[in-house]
Amino acid sequence: MFAEDLDVFLADFGVDCVSEGTTFRGLLDEADRLLQMQRVSISAREYDLTFVTGAVTLRREQALTVAGRAYTVRQAPQQIDDGAFSTVLITPV
């Protein structure tokens, strides 16, 4: 395994995030999703935050600030691919 600088991936599009006094960089994705519920389709916006896995520990219902805006963690983070990055669903407060 080789050493890589994960901060490079967040340099251009990353935003400042703060959770329980820990400051870290993350990528905020505000995607519109089409949800199917039986015969009804609902359009909803979901907020995903991608961050370096070891940068912070996030848990369900924890408060955090992303780019100066308050959010709450909706579910436990999930690691992406090799685990260097994780993603978590968040909800604006």
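This text goes through a predicted model of one protein chain, from its overall layout to its strands, cores, salt bridges and surface.

The protein chain contains one helix and seven strands. Along the sequence, these elements follow the pattern α-β-β-β-β-β-β-β, with the helix written as α and the strands as β. The C-alpha trace spans about 50 × 30 × 25 Å along its principal axes. The chain has 93 residues, and 31% of them are buried. Its accessible surface comes to about 6,400 Å², and carbon and sulfur atoms account for 50% of that area. Another overall value concerns contacts between residues with a separation of 6 or more in the chain: 42% of these contacts are between residues 24 or more positions apart.

A convenient place to start on the details is strand 3, which covers residues 40-52. Strand 3 pairs with strand 2, residues 22-37, and the two run antiparallel, joined by twelve bridges. One example of this pairing is Asp 29, whose bridge partner in strand 3 is Asp 48. Strand 2 and strand 3 form a hairpin with two residues between the strands. In this hairpin Gln 38 takes a positive phi near 55°.

Strand 3 also pairs with strand 7, residues 85-92. This pair is antiparallel as well, and six bridges join the two strands. Here Thr 50 has Thr 87 in strand 7 as its bridge partner. Strand 3 therefore has pairing with strand 2 and with strand 7, where a pair of strands is defined by at least two bridges between them. In a regular strand, side chains alternate between the two faces of the sheet.

The next topic is the interior. The largest nonpolar core has 13 residues. Within this core, the residues that touch the most other members are Phe 24, Leu 49, Phe 51, Leu 64, Val 66, Val 88 and Ile 90. Strand 3, strand 4 (63-66), strand 5 (69-73) and strand 7 are the elements that each give two or more residues to the core. Of these, strand 3 gives the most, with three residues. Leu 64 shows how one core residue meets several parts of the chain. Leaving aside residues up to four places away in sequence, Leu 64 touches Val 18, Ser 19, Phe 24, Leu 49, Arg 69, Ala 70, Tyr 71, Thr 72, Val 73 and Ile 90. There is also a second, separate core of five residues, which includes Leu 10, Val 52, Ala 84 and Phe 85.

Charged side chains are the next subject. Side chains of opposite charge can pair when their charged atoms come close. In this model the count comes to six salt bridges. One of them is between the side chains of Asp 16 and Arg 25, with a distance of 3.0 Å from N to O. Asp 16 counts as partly exposed because its relative accessibility is 45%, and Arg 25 counts as partly exposed because its relative accessibility is 32%.

Another salt bridge joins Arg 59 and Glu 20, whose closest N and O atoms are 2.7 Å apart. Arg 59 lies in the loop between strand 3 and strand 4, and Glu 20 in the loop between strand 1 (15-19) and strand 2, so this pair ties together parts that are 39 residues apart in sequence. The relative accessibility of Arg 59 is 45%, so Arg 59 counts as partly exposed. Glu 20 is exposed because its relative accessible area is 56%.

The side chains of Arg 33 and Asp 48 also meet in a salt bridge, at 2.8 Å from N to O. This pair links strand 2, which holds Arg 33, to strand 3, which holds Asp 48, and the two residues are 15 residues apart. Is Asp 48 buried or exposed? Asp 48 is buried, because its relative accessible area is 13%, whereas Arg 33 is partly exposed, with 31%. Arg 33, Glu 46 and Asp 48 belong to one network, joined by salt bridges that share partners.

The last stop is the surface. Met 37, Val 40 and Ile 42 form a nonpolar patch there, and together they have about 250 Å² of accessible area. Ile 42 belongs to strand 3. With a relative accessibility of 32%, Ile 42 counts as partly exposed. Strand 3 thus takes part in the patch through Ile 42, and strand 3 also gives three residues to the largest nonpolar core.

How values were computed. Residues numbered from 1 in each chain as written. Predicted model: local features only at pLDDT ≥ 70, side-chain atom pairs only at ≥ 80, totals over all residues. Heavy atoms only, no water. Patch = residues over 30% accessible without salt bridge, like charges linked within 9 Å, V, L, I, M, F, W, Y side chains within 5 Å. Areas by Shrake-Rupley, 256 points an atom, 1.4 Å probe, with all protein chains shown as cover. Salt bridge = Lys/Arg side-chain N within 4 Å of Asp/Glu carboxyl O. Helix = DSSP H or I, 4+ residues; strand = E, 2+ residues; numbered from the N terminus. Buried < 20%, exposed > 50% of the residue type's maximum accessible area, 1.4 Å probe, protein only. Core = buried A, V, L, I, M, F, W, Y, C linked by side-chain atoms within 4.5 Å. Contact = heavy atoms within 4.5 Å.
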